[in-house]
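Visitor: I have a chain open here and would like to talk it through. Could we begin with a single residue and work outwards?

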Amino acid sequence: MELEKETALVETVLFLESEPITEKVIANISSLSEDVVRSCIEHLKEKYSLANSGVELSLITGGWALVPKQEFWDVLRERYGEKNSGRLSRSAMETLSIIAYSQPITRAEIEAIRGVSADNMIRLLIERNLIKETGRKNVPGKPVLFGTTKEFLKFFHLNSISELPRLDEDEEQRFELSR
């Protein structure tokens, strides 16, 4: 197969997959070598970087996915956002932000930062698979530690937690209240 057809095949696989997939999985599905798949991905990234494209190729949780360009996603998120998760309330987003930036973190530490009980928000975020128990803190009572999940990364189109936006000085101080 010539590179144009191979690239079109990889593009079709990415279009049909609902979750981010690795180059190895794309190679298995398409019967192409991983080197060819890497080459095709580079061509697709160039193609989608043009102004006349509404989508881009993004690395999310270690796999590739076709996603809307951020400028369009901001406009369309309310209608086309995560179909199963719906919108998160301001309280849920605040709790999720505290966990994302401070993980691993205990319920008491979350509550010290928020100033209110976090029970319902933690339960909701666990139900939505955006956070999970990551262990226990080595202090009296051994409280549960919480952290974000792969679903969290997918929800926010991140490849890793290191891609979270940087906090400004005031926000950093707020997140350190319970530390």
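Visitor: Is Ser58 buried or exposed?
Guide: Ser58 counts as buried, because its relative accessibility is 16% and the cut-off for buried is under 20%. Please bear in mind that this is a predicted model.

Visitor: Which element is Ser58 found in, and what is it in contact with?
Guide: Ser58 is found in strand E1. Leaving aside neighbours within four places in sequence, Ser58 is in contact with Gly63, Trp64, Ala65 and Val67.

Visitor: How far apart are Ser58 and Pro20 in space?
Guide: The C-alpha atoms of Ser58 and Pro20 are 8.6 Å apart, while 38 residues separate the two in sequence.

Visitor: And how do E1 and E2 pair?
Guide: Strand E1, residues 55-60, and strand E2, residues 63-68, pair in the antiparallel sense over 6 bridges. One example is Glu56, whose bridge partner in E2 is Val67.

Visitor: What happens at the turn of that hairpin?
Guide: There are 2 residues between the strands of the E1 and E2 hairpin, and Thr61 takes a positive phi near 50° there.

Visitor: Let us step back. How many helices and strands are in the chain?
Guide: The chain has 9 helices and 5 strands. Along the sequence, the pattern reads α-α-α-β-β-α-α-β-α-α-β-β-α-α.

Visitor: What does the C-alpha trace span?
Guide: Along its principal axes, the C-alpha trace spans about 65 × 35 × 30 Å. Of the 179 residues in the chain, 36% are buried. Among contacts with a separation of 6 or more, 49% come from residues 24 or more positions apart.

Visitor: Now the other strands. What is the order in the open sheet?
Guide: The order is E3-E5-E4, an open sheet of 3 strands with antiparallel pairing. Its edge strands are E3 (105-106) and E4 (131-136), each of which pairs on one side only.

Visitor: How many bridges join E3 and E5?
Guide: E3 and strand E5, residues 144-148, are paired over 2 bridges in the antiparallel sense. In that pairing, Ile105 has Phe146 of E5 as its bridge partner.

Visitor: Which helix packs on the sheet?
Guide: Helix H5, residues 90-102, packs on the sheet and touches E3, E4 and E5. The direction of H5 makes about 95° with that of E5.

Visitor: On to the interior. Which residues have the most contacts inside the largest nonpolar core?
Guide: Ile110, Leu125 and Phe152 have the most contacts inside the largest nonpolar core, a set of 22 residues. At least two residues of this core come from each of H5, helix H6 (107-114), helix H7 (119-127), E5 and helix H8 (150-155). H5 gives the most, with 5 residues.

Visitor: Why would such residues gather?
Guide: As a general tendency, nonpolar side chains in soluble globular proteins are buried together.

Visitor: What does Phe152 touch?
Guide: Not counting residues up to four places away in sequence, Phe152 touches Leu96, Ala100, Asn129, Leu130, Leu158, Ile161 and Leu164.

Visitor: What does the second core include?
Guide: The second core is separate and has 14 residues, including Val13, Ile21, Ile26 and Ile41.

Visitor: Back to the aromatics, then. How many aromatic pairs does the structure hold?
Guide: The structure holds 2 aromatic pairs. Phe152 and Phe156 form a tilted pair, 5.0 Å centre to centre with 55° between the planes. Phe155 and Phe156 form an edge-to-face pair, 4.8 Å centre to centre with 75° between the planes. Phe152, Phe155 and Phe156 form one aromatic cluster.

Visitor: Which of these rings are buried, and which partly exposed?
Guide: Phe152 counts as buried at 3% relative accessibility, and Phe155 is also buried, at 16%. Phe156, at 27%, counts as partly exposed, because that value falls between the cut-offs of 20% and 50%.

Visitor: One last residue: Arg114, buried or exposed?
Guide: Arg114 is buried, because its relative accessible area of 14% is under 20%. Arg114 lies in helix H6.

Visitor: With what does its side chain make a polar contact?
Guide: The side chain of Arg114 makes a polar contact with the side chain of Thr95, at 3.2 Å.

Terms used. Residues are numbered from 1 along each chain as its sequence is written. This is a predicted model: local features need pLDDT of at least 70, side-chain atom pairs count only at pLDDT 80 or more; totals for chains, interfaces and linings use all residues. Side-chain values use heavy atoms; hydrogens and water are left out. Two strands pair if DSSP finds at least two bridges between them. Helices (H or I, at least four residues) and strands (E, at least two) are DSSP runs, numbered from the N terminus. Contact means heavy atoms within 4.5 Å. Axes are lines fitted to C-alpha atoms, for helices over the stretch in contact, and angles run from 0 to 180 degrees between N-to-C directions. A nonpolar core is a set of buried Ala, Val, Leu, Ile, Met, Phe, Trp, Tyr and Cys residues joined through side-chain atoms within 4.5 Å. Buried means under 20% relative accessible area, exposed over 50%, partly exposed in between (1.4 Å probe, protein chains only). A polar contact is a pair of N or O atoms within 3.5 Å; within protein, one must be able to donate a hydrogen and the other to accept it, and residues adjacent in sequence count only if both atoms are side-chain atoms. Rings of Phe, Tyr and Trp (its six-membered ring) pair if their centres lie within 6.5 Å; planes under 30 degrees apart count as stacked, over 60 as edge-to-face and the rest as tilted.
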